[in-house]
Amino acid sequence: MDATIYHNPRCSTSRKTLAKLEDAGADVTVVKYLTDGWTRDQLSKLFADAGLTAGQAVRKREAAYTDLGLADASDEKILDAMVEHPVLVERPFVVTDKGTRLARPVENVDEIL
């Protein structure tokens, strides 16, 4: 099975999810989104495939969330902020042939293994 993880190596949930994928025997492509960045189209597709809105996939605990006034922002404005500040995207997202999930909690990825 092929899997892609949008990974932040500093995040324990992301590290646990990567280990779970490897333990399951997946051929994992690791995308370090903090350095690679995002495109608006990429995020829109990722969220749609996971059944989430940008507002549901934003990291509310990041300073940029408050600094940019995103609490009452539209999904369009949140998407723009996520492209500009990749750290605002909740993590990790995992994509396999069976679907896309936000692996928060880690067990969410079981549905697509």
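In the predicted model, strands β3 and β4 are paired in the antiparallel sense over four bridges, and a hairpin of two residues connects β3 to β4. Within this pairing, F93 of β3 has L102 as its bridge partner in β4. Strand β3 is also paired with β1, again in the antiparallel sense and over four bridges, and here the bridge partner of I5 is V94 in β3. Strand β1, which comprises residues 2-6, is in turn joined to β2 by five bridges, and these two strands run parallel; in this pairing, V31 in β2 is the bridge partner of Y6. Strands of a sheet pair through backbone hydrogen bonds, in either a parallel or an antiparallel arrangement.

Taken together, the four strands form an open sheet with the order β2-β1-β3-β4 and mixed pairing. Strands β2 (27-31) and β4 (99-102) stand at the edges and have a single partner strand each, so one side of each is left without a neighbour in the sheet. From one strand to the next, the twist averages 20°.

Two helices lie across this sheet. Helix α1, formed by residues 12-23, lies across β1, β2 and β3 (93-96) and runs at about 175° to β1. Helix α3, formed by residues 40-50, lies across β1, β3 and β4, its direction being at about 75° to β3.

The buried residues of α3 are L43, L46, F47 and A50. Because these residues cover an arc of only 95° around the axis, they are placed on the same side of α3. They pack against β1, α5, β3 and β4, whereas the exposed residues D41, K45 and A48 are carried on the face of α3 turned away from its buried side. The helix is followed by G51, which has a positive phi near 75°.

A comparable description applies to helix α5 (75-84), in which the buried residues are I78, L79, A81 and M82. These residues cover an arc of only 165° around the axis, which puts them on the same side of α5, and they pack against α3.

The structure holds three aromatic pairs. In the pair formed by F47 and F93, the ring centres are 5.6 Å apart and the planes stand at 45°, so the pair is classed as tilted, the planes being neither under 30 degrees apart, as in a stacked pair, nor over 60, as in an edge-to-face one. Since F47 lies in helix α3 and F93 in strand β3, the pair ties together parts that are 46 residues apart in sequence. Both of these phenylalanines are buried. Elsewhere, a single aromatic cluster is formed by Y6, Y33 and W38.

The loops were examined next, with attention to R59 and V89. R59 is found in the loop between α3 and α4 (63-67) and, with a relative accessible area of 8%, it is buried, because this value falls under the 20% limit. The side chain of R59 takes part in polar contacts with two glutamates, the side chain of E62 at 3.2 Å and the side chain of E90 at 2.5 Å. When residues up to four places away in sequence are not counted, R59 touches Y65, V87, L88, V89, E90, R91 and R104.

V89, one of the residues touched by R59, lies in the loop between α5 and β3. Its relative accessibility is 0%, and V89 therefore counts as buried. Although V89 and R59 are 30 residues apart along the chain, their C-alpha atoms are separated by 5.7 Å. Leaving aside neighbours within four places in sequence, V89 is in contact with Y33, W38, L43, F47, A57, R59 and M82. Among these contacts, L43 and F47 belong to the buried residues of α3, M82 belongs to the buried residues of α5, and Y33 and W38 are members of the aromatic cluster that also includes Y6.

Technical notes. Residues numbered from 1 in each chain as written. Predicted model: local features only at pLDDT ≥ 70, side-chain atom pairs only at ≥ 80, totals over all residues. Heavy atoms only, no water. Pairing = 2+ DSSP bridges. Axes fitted to C-alpha atoms, helices over the stretch in contact; angles between N-to-C directions. Contact = heavy atoms within 4.5 Å. Phe/Tyr/Trp six-rings, centres within 6.5 Å; stacked < 30°, edge-to-face > 60°. Buried < 20%, exposed > 50% of the residue type's maximum accessible area, 1.4 Å probe, protein only. Polar contact = N/O pair within 3.5 Å; in protein donor to acceptor, adjacent residues only side chain to side chain. Arc of directions from axis to C-beta.
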